Amino acid sequence: MRTISTLLAMLAFFTHSFDVCAQASESHNFITYDTTYNGQFGSWQIRISRPANMFTAGSPDTASRPAIITQPGIGEQGNTNPGNLTTYGPHWWLQNGWDGSVVLGNGVHYPILITVAFINSQWPSPEAGADVVAFLLSHYHIKRNSVHLGGLSQGAFVWTAMIAYEATPGAETGMSLATSVTALEGFALGQDAPYSSWSRGDGAYQVWATKYHGKYFGLEGTADYRNVAEGAKDMNAVVPGSAHFSYENIGGGGHCCWNSMYDPNATNWQSYAPLGNYVATGADSNARGDYRGGSIFQWMLRQGDTSMAGSSVSAPPPPPPSPTAYAGSNQSITLPANTITLNGSGSEQGGNIVG
């Protein structure tokens with residue numbers, strides 16, 4: 001005769017599940033307001049969303065954060081209309097349901113969000129772009145290794161040309177300011193005099209990729225062509241994988257639809273045909289591809305320092321007690337009989353029995 005303890009046997013077969021709700025999150029006590037900057041090369045209107053206690057001594061919100069600095073197109077430049085700062089980009093999305101959060105593998109991030117638009121004309125110069133970025137870096141608590149520029153059309157022309165801007169020969173002025181550039185249907189290298197006389201042209205992007213670990217994300221319409229692949233081609237030639245480029249077909253692939261590109265929920269940037277003028281020469285063959293790893297904002301933050309700023313992490317709840325298994329009273333068998341039937345049941349607190 002052998003006696004079998006059925007309770008232990010049943011415990012081995014119960015598994016249970018429960019939710020752990022704790023997730024690291026940066027604080028999000030933000031304020032949004034408009035200001036202006038009168039710089040060396042002209043004036044800018046600026047909308048900024050930042051921690052309310054950024055300048056409060058002793059507050060964890062004084063910690064530096066990444067910044068996403070975006071610039072709209074020609075239609076939103078050249079005047080002081082504050083609506084130009086919310087027509088496209090992050091601040092449009094903030095007014096339309098987005099809370100400014102960017103979720104990465106280590107938690108929920110809330111970067112500083114800044115939109116700039118030039119006041120003096122519709123064509124900000126590369127040097128004016130570098131001037132306003134330098135001002136923002138000097139006045140707000142922005143991580144210098146997490147400065148992410150985004151531009152659409154004219155704004156993309158300014159930021160991309162800024163990478164090649166050098167105040168003096170070899171100064172690397174513009175490229176030293178930026179961690180990443182997202183160029184939406186716009187790319188330029190041209191410089192004003194006297195800076196044009198010592199410009200490196202395409203070589204500036206190779207220096208930016210190798211020395212400053214710069215990263216580039218470019219989108220071009222299938223029915224529109226503005227050299228966006230050029231920056232990716234230059235960078236990937238020296239640092240493979242440092243740049244991404246796709247042909248997108250939003251709005252029929254025309255020059256439009258930038259809020260669709262800035263959509264925090266858009267995560268698939270596969271390259272669509274027709275593939276633009278570069279296909280004839282294969283000049284973009286090292287750049288064109290698919291990106292399906294998250295929104296443009298997630299791509300931006302991943303290119304820099306992803307550590308949490310002023311994070312507050314809730315302690316995970318204690319694990320629930322183990323499930324309680326019951327298979328009835330102990331039963332006995334007398335050999336040669338070797339089987340019995342158990343009527344098992346179980347109970348769980350704080351979760352669900354799943355098997």
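Trainee: How many salt bridges does the count come to?
Mentor: This is a predicted model. Within it, the rule for salt bridges gives a count of 8.

Trainee: Which residue meets Arg65 in a salt bridge, and is that residue buried or exposed?
Mentor: The N to O distance is 3.2 Å, and the partner of Arg65 is Asp61. Arg65 is buried, at a relative accessible area of 1%. Buried means under 20%. Asp61 has 4%, so Asp61 is buried.

Trainee: How many residues apart are Asp305 and Lys143?
Mentor: Their side chains form a salt bridge, with the closest N and O atoms 3.4 Å apart. Asp305 sits in the loop between α8 and β14, while Lys143 sits in strand β10. The pair links distant parts of the chain, and the separation is 162 residues.

Trainee: Which residues are linked in a network with Glu172?
Mentor: Glu172 and Arg200 meet in a salt bridge at 3.3 Å, N to O. Glu172 lies in the loop between α4 and β11 and Arg200 in the loop between β11 and α5, so the pair ties together parts 28 residues apart in sequence. Glu172 is buried at 8%, whereas Arg200 is partly exposed at 33%. The salt-bridge network links Glu172 with Glu166, Arg200 and Lys211.

Trainee: Why is helix α4 largely enclosed by the rest of the structure?
Mentor: Helix α4 covers residues 154–163. Its buried residues include Trp159 and Met162. The helix is largely enclosed because the buried residues number 9 of the 10.

Trainee: Over which residues does pLDDT stay under 50, with 12 contacts beyond four places in sequence?
Mentor: Where pLDDT is low, the predicted coordinates should not be read in detail. The stretch with those 12 contacts is residues 311–319.

Definitions and conventions
Residues numbered from 1 in each chain as written. Predicted model: local features only at pLDDT ≥ 70, side-chain atom pairs only at ≥ 80, totals over all residues. Heavy atoms only, no water. pLDDT = per-residue confidence, 0-100. Contact = heavy atoms within 4.5 Å. Buried < 20%, exposed > 50% of the residue type's maximum accessible area, 1.4 Å probe, protein only. Helix = DSSP H or I, 4+ residues; strand = E, 2+ residues; numbered from the N terminus. Salt bridge = Lys/Arg side-chain N within 4 Å of Asp/Glu carboxyl O.
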